[in-house]
Structure formats: C-alpha cells, structure tokens
Amino acid sequence: LRKKMKDSVAEEHLYLAFSHQCRDSIFPLHTSISLFLLSYCDCKLFKVFLVPTGEDVGDQCVTKNLAGDLEVHLISRCQLPVVVQSCSLPAVVAKDDKFCRAGLSVVLRHIIQKTFEADPSKKDLLELLGFKKTCLKACAEVSQWTRLCEISIPLAVERFLTASPQHCQAIPPDILLLERKLGEPVRVHNDDKIRRQKLQQQKGGAKAAVPVLGKEATEESKPGEVHEHPPSSLELSVAFSKLLAQEAPDAINREAPHIRRAKTSDLPLLDHVFAEGLYFTVADLVLLPCIHQFLVSSKRQGKNLVNLPLISSWYRRVQEVPGVKKAAGKCNMELLQLPELMSAPEEQLQDSPSVPDELEEDNDDSHFIGGPRPTMTKLMENGIEAKFSPHPCPSWTLDWTSLPSAVSPGEGKMSRDRALRKQQQLNNLVAAVTKLAKPGDVIVDFCSGGGHVGIVLAYMMPSCQVVLIENKELSLIRAKDRSDELGLNNIWFIQANLDYFNGTFNIGVALHACGVATDMVIEHCLRARAAFVISPCCYGFIQNTVKFKYPRSHQFKEILSYKEHMILCRFADQTAVQLPPERRLIGKQCMGLVDLDRAWAAEEHNYSVQVISMEPESCSPKNNMFVGIP
C-alpha cells in the first residue's frame with residue numbers, strides 16, 4: 001500500500017517550527033531532532049520549510065548553522081497548506097495533496113521509510129524502526145515510553161535551557177526517569193537465547209570480543225578491529241554485531257549442555273546498550289540532540305553528572321554508531337567527550353532529586369476481586385442507574401444498494417455478515433450527524449481507521465469538509481484509495497495522534513474509539529465547543545493516564561473509588577454474543593454506567609448529552625452511542 005503512495009513521491013514538503021537558534025541547535029528541539037535524522041539518513045527527498053513561531057526572521061539568521069547540504073526555506077504560518085494549519089509541527093504533506101503526517105514520531109518514521117523506499121540498499125535504516133517496526137509507533141497518549149521520548153524529555157530540556165540559573169539547579173525529573181529506565185532489565189524477543197549466552201560467558205569467565213564500530217569508534221581504531229570488554233559486555237557484542245551486520249562470535253553462539261538446561265528464572269538479566277534495549281533505534285536519534293543540549297548546558301554550569309552514569313555511558317556509546325558523528329558534524333553539534341562515570345555513592349544519591357509520583361509508572365497490578373454487583377448496588381443506593389435516551393430515528397437507514405461500492409464498508413476485507421453490521425452501525429452515526437450538520441461545517445472522524453464513517457459522511461454531505469484522523473498509516477492509505485476512487489474533494493487525511501490535531505471543527509465523530517480514546521475525543525470536542533457523536537469500545541482498556549483520571553464526573557467521584565470504577569469498566573466488556581444472556585445484560589448495564597459518567601462529565605462543561613443504544617442492538621456488542629451538543 002505504501003508503494004501506491006509512490007506516485008506522490010514527486011515531492012513532499014516537511015514543515016518544521018522555528019522559535020529561535022541557540023549555539024548548535026534550533027528550537028523547538030523537535031526541529032533539531034528532525035534535521036538530525038535527515039542528516040543521519042542522508043535524505044534529500046523533502047523540501048524543508050521552517051515556520052517561525054514569532055515575528056518574521058531573515059533567511060541569513062536561520063539557515064547559517066543548519067545542515068550544510070540541506071536547502072531550507074522560510075514560510076509563515078498563514079502560508080501553510082490549510083490541512084497543515086490544523087496540525088502541530090513537524091508535519092509532512094505531499095505537494096498539492098490532502099494527506100498530512102503530523103507529530104514527531106509519525107514524521108520521523110515516515111522519513112526513515114521513505115528514504116529506504118527511494119534506496120532499498122539502505123536496509124540498515126529500517127532497523128531503526130525496531131522489532132516488527134514498532135519503535136515509537138504507539139501513540140504518546142497511551143505509551144509512557146513514546147511520551148517520554150517524544151514529548152517529556154524535549155520539553156524538559158527546553159525548560160532547563162531557558163530557566164534562569166537559580167531555577168535550573170536540579171536535574172529535570174524526566175531526565176532522572178530516563179536514567180532509571182536505562183537501569184531496568186532489557187526484554188527483547190529472543191532474550192532467552194542471549195541470556196543463556198551471558199550465563200555461559202559468566203560461568204566460563206570468557207570475555208566477549210566486541211567489534212569497534214568502524215572509523216568513528218576512536219581515532220586510532222581500524223574498521224573491524226576487535227576490542228575486549230569485561231564479561232558483562234555480552235550485550236555490547238550482540239548490539240555491535242547487529243550494527244555491523246556481522247554474526248555474533250562463534251564462541252558466544254555455542255551453548256554448553258548445563259547452560260541449555262538452566263531454568264529461565266536462573267538466567268542473568270540483560271543490561272541496556274541503547275535507549276530501547278540492545279539495539280540502536282530511532283529512539284536514540286530522538287534523545288541524542290536533547291541529551292546533548294542538556295549535557296552541554298550542565299557542563300557550562302559546572303554541574304556534576306555523577307547521578308547520571310547510565311545516561312553518560314549511553315551518550316558515549318551512541319557516538320560510536322556509524323554515521324552519528326558525521327550527522328552531528330553536518331548539524332554543527334559538537335559532541336562532548338565525557339569521562340567514564342561510576343555510580344554515585346549512596347549518600348550522594350540520597351541527596352539527588354527523586355522522580356515525582358506523576359512520572360512513575362502505575363505498576364499496581366492488583367486484581368479487581370469480586371463482581372460488579374456491589375459497585376452497581378452502591379450507585380443504585382445513591383440514585384444512579386444506567387439510563388438510555390430513546391433513539392431519535394431508529395428506523396433511518398442509508399440506501400446502501402444505490403451507493404457506489406467504494407462507499408460501502410464491504411469494500412474492505414470483511415465478511416458479508418460483518419459488513420452488514422458495520423452498515424447498521426454507520427446508519428446510526430450518519431443519522432445523528434445528519435441532524436446536527438449544516439452546510440460549511442467541518443466534521444472530524446477521529447480514530448477513523450479505514451475511513452468507514454468519514455467516507456460515507458464526505459460522500460453524503462458534499463457541502464461539509466470531512467477530516468479523517470488516524471495513527472495507523474496503512475489504514476489511512478486504504479481510506480485515501482477509496483476516496484480517490486470516488487473523486488471526493490471535501491476530505492482530508494491526517495496521520496497523527498489525536499493531540500497533534502488542533503484545528504477548529506463543528507462536529508466530532510468516532511466509531512468504536514478504544515478505551516481512553518473515547519475520552520480523548522470528547523476532550524477535543526469540548527475544547528472546540530463542537531458537537532459529538534461517539535460510539536465507545538474496549539471499556540476494559542480504560543485506566544488512569546497522565547491526562548485522564550477516572551471516574552470522570554463529579555457525581556461518580558463522590559461515590560466510587562478508582563478501583564470500583566475499573567470493576568465497572570472490566571465488566572462492561574462482557575457483552576459478547578456467546579456469553580449467557582444474564583451476563584450480557586450486566587455487561588450492558590456496566591457500559592451504561594461508565595458512559596453515564598462520561599456524559600455527566602461533559603455536561604459539567606455546559607453540554608447536553610444523550611446516551612443511546614444503536615438500532616438494532618445486534619449491530620455490535622458495543623452498541624452505545626453518545627450524542628453531545630454544546
């Protein structure tokens with residue numbers, strides 16, 4: 001499907017924010033990171049634009065310290081393509097196209113993929129995307145690791161650099177969190193084998209031969225030269241062998257019989273070599289410009305980095321990766337040569353700032369004991385029961401037989417029965433949106449997937465502008481193919497996390513927004529004072545996040561604890577057709593209570609919200625639908 005997009009390979013425009021330039025970096029740091037990756041990939045496939053966030057800035061001032069072989073243009077915010085104006089930068093859009101990619105992780109992953117497609121010999125670049133190409137793929141709203149790399153650390157470093165000297169004494173908590181994560185055991189898909197190799201190395205007292213990473217490792221080393229590291233460097237050997245596309249040494253590959261028989265629980269844990277574990281990924285390229293700026297500033301202030309031995313080791317190690325020093329040179333990043341740091345003595349660590357509670361991962365794994373009845377009874381005693389508003393138009397349906405095949409969800413890879421149920425679901429959402437929409441309205445299909453909702457709306461309402469927002473690239477490409485087949489001119493496609501869309505709109509729509517995504521969509525609609533039509537899904541995935549705490553409404557918070565609310569969420573997922581009728585009924589009541597909490601939370605923002613059951617209810621086990629009007 002990506003190959004189909006090669007028609008638009010003609011030229012893509014990359015838009016980067018520009019607030020100011022300081023020494024060897026451009027701010028915001030997302031821009032420095034993007035330019036560093038372009039240099040590392042030696043990618044010249046994009047026309048690069050800087051978008052000043054303040055007053056107009058002259059060309060000379062901006063471009064003199066950029067990557068020498070990269071042509072950069074200035075453009076004002078009002079000159080951006082309209083679809084890009086609705087997004088946070090960085091963003092990439094094909095020239096004269098309506099397909100936009102926005103947000104740091106999405107843009108960086110696209111740069112890597114596009115560079116490889118243009119030159120398939122650069123297979124090493126694909127390795128940056130990690131195992132199964134999932135590095136930084138999970139959106140920052142739900143992945144704490146993506147959030148740390150993409151948002152928290154760049155922001156923490158920017159604040160650290162701009163703080164007055166008396167306010168930047170402490171190491172930022174997010175930097176401390178990274179230090180802690182670098183000290184956690186590594187889990188990789190084949191870690192059993194590597195851990196057995198490590199056990200054999202430890203028992204035999206062998207030393208791992210580690211290939212030096214080409215010319216950039218040290219001034220004196222020759223390419224392919226082998227240095228010996230202490231026994232604990234088995235991880236280095238594995239990581240470096242992969243970077244050089246070499247096999248791990250034979251001595252490491254062979255396992256003694258007693259090693260093969262060792263229990264998994266007796267195997268040694270693996271240490272971090274790079275940010276995500278053993279292998280060099282795009283996460284390292286994201287963190288390097290940020291950590292570099294932090295270290296340069298810390299050194300200038302005379303700070304002791306004794307509390308950050310793992311970050312210091314990582315920073316030195318990343319410099320040994322082929323291509324990193326060259327890319328840094330192009331970007332005028334003068335990488336520091338840090339001394340070896342040992343862990344700080346206990347008494348020094350006790351004086352160092354700790355990671356605040358809100359940055360700690362919630363590892364409370366305690367199981368929710370008992371069924372939902374006590375919680376439901378508690379609500380009932382306070383006069384709260386699931387209640388559903390009557391469906392405004394229960395028999396309304398689109399005439400699917402008269403519509404072009406590309407409009408129908410049956411065009412996707414789904415069975416006839418599933419396609420029929422999807423049509424029934426769409427009947428409900430389209431009916432509700434039709435009652436709300438006016439000519440000229442902007443309708444946003446959040447979590448759009450393959451565009452089942454958005455394409456029907458764009459086709460049925462040509463006077464409205466429809467925007468599809470989806471994090472999964474291939475789903476959005478499929479949606480664009482269907483739109484192109486229909487010749488739709490009133491539709492845009494944005495591959496981004498929800499947080500990177502900041503455009504104005506009139507109606508927000510989402511069909512089966514998973515877990516917390518439903519609350520994210522509602523929040524977007526409240527912020528825009530937009531109406532919403534939303535069908536929730538995956539209640540069992542609901543949990544407290546950095547941005548959302550449960551219960552949502554004032555009334556529910558006064559009665560239920562977080563754990564009691566989570567019991568409702570877990571049982572709200574018990575609505576599958578194969579379950580006993582009584583169990584399904586309880587599941588439906590739990591769904592109704594969870595959604596009543598959400599509805600009341602929205603009403604606290606001066607909205608009128610109805611919770612409705614889709615018709616027919618058999619169209620989906622998750623058949624609730626909100627209609628909210630400001």
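This passage describes helix H6, the aromatic pairs and the unusual backbone geometry of a predicted model. Residues are numbered from 1 along each chain as its sequence is written, and side-chain values rest on heavy atoms, with hydrogens and water left out. Because the model is predicted, local features are reported only at pLDDT of at least 70 and side-chain atom pairs only at pLDDT 80 or more, whereas totals for chains, interfaces and linings use all residues.

Helices (H or I, at least four residues) and strands (E, at least two) are DSSP runs, numbered from the N terminus. Helix H6 comprises 19 residues, 144–162, for which a rise of 1.5 Å a residue predicts a span of 27 Å, the expected span being 1.5 Å times one less than the number of residues; the end C-alpha atoms lie 25 Å apart, in agreement with that expectation. The helix nevertheless bends by about 40° at Ser152, with Pro154 following within four residues, where the bend is the angle between axes fitted to the seven residues ending at a position and the seven starting there. Buried residues are those under 20% relative accessible area, exposed ones those over 50%, and partly exposed ones those in between, computed with a 1.4 Å probe on protein chains only. In H6 the buried residues include Trp145, Leu148, Ser152, Ile153, Pro154 and Phe160, so that both the bend residue Ser152 and the proline Pro154 belong to this set. The elements covering the buried residues of H6 include strand E3 (25–27) and helices H1 (29–41), H4 (104–118), H7 (173–182) and H12 (282–300). Within H12, Ser297 is buried at a relative accessible area of 7%, and Ser297 touches Phe160 and Leu161, residues up to four places away in sequence not being counted; contact here means heavy atoms within 4.5 Å.

Rings of Phe, Tyr and Trp (its six-membered ring) are taken to pair if their centres lie within 6.5 Å, with planes under 30 degrees apart classed as stacked, over 60 as edge-to-face and the rest as tilted. By this rule the count comes to ten aromatic pairs. The rings of Phe99 and Phe493 have centres 6.4 Å apart and planes at 20°, so this pair is stacked. Phe99 lies in strand E7 (residues 99–102) and Phe493 in strand E12 (residues 491–495), and the pair therefore ties together parts that are 394 residues apart in sequence; both residues are buried. For Phe446 and Phe501, the centres are 6.2 Å apart and the planes stand at 80°, so the pair is edge-to-face. This pair links distant parts of the chain, with Phe446 in strand E10 (residues 442–446) and Phe501 in the loop between E12 and strand E13 (507–514), 55 residues apart. Phe446 and Phe501 are likewise buried. Ring pairs also link Tyr40, Phe274 and Phe280 into a cluster.

A charge is assigned to a ring face if NZ of Lys or CZ of Arg is within 6 Å of the ring centre and within 35 degrees of the ring normal. Lys114 lies over the face of Phe46, at 5.9 Å from the ring centre, and Arg552 over that of Tyr550, at 5.8 Å.

Most residues other than glycine have a negative phi, and most peptide bonds are trans. A cis peptide bond joins Tyr550 and Pro551, with omega about 0°, and another joins Glu615 and Pro616, with omega about -15°. Asn332 has a positive phi of about 55° and counts as partly exposed at 34% relative accessibility.
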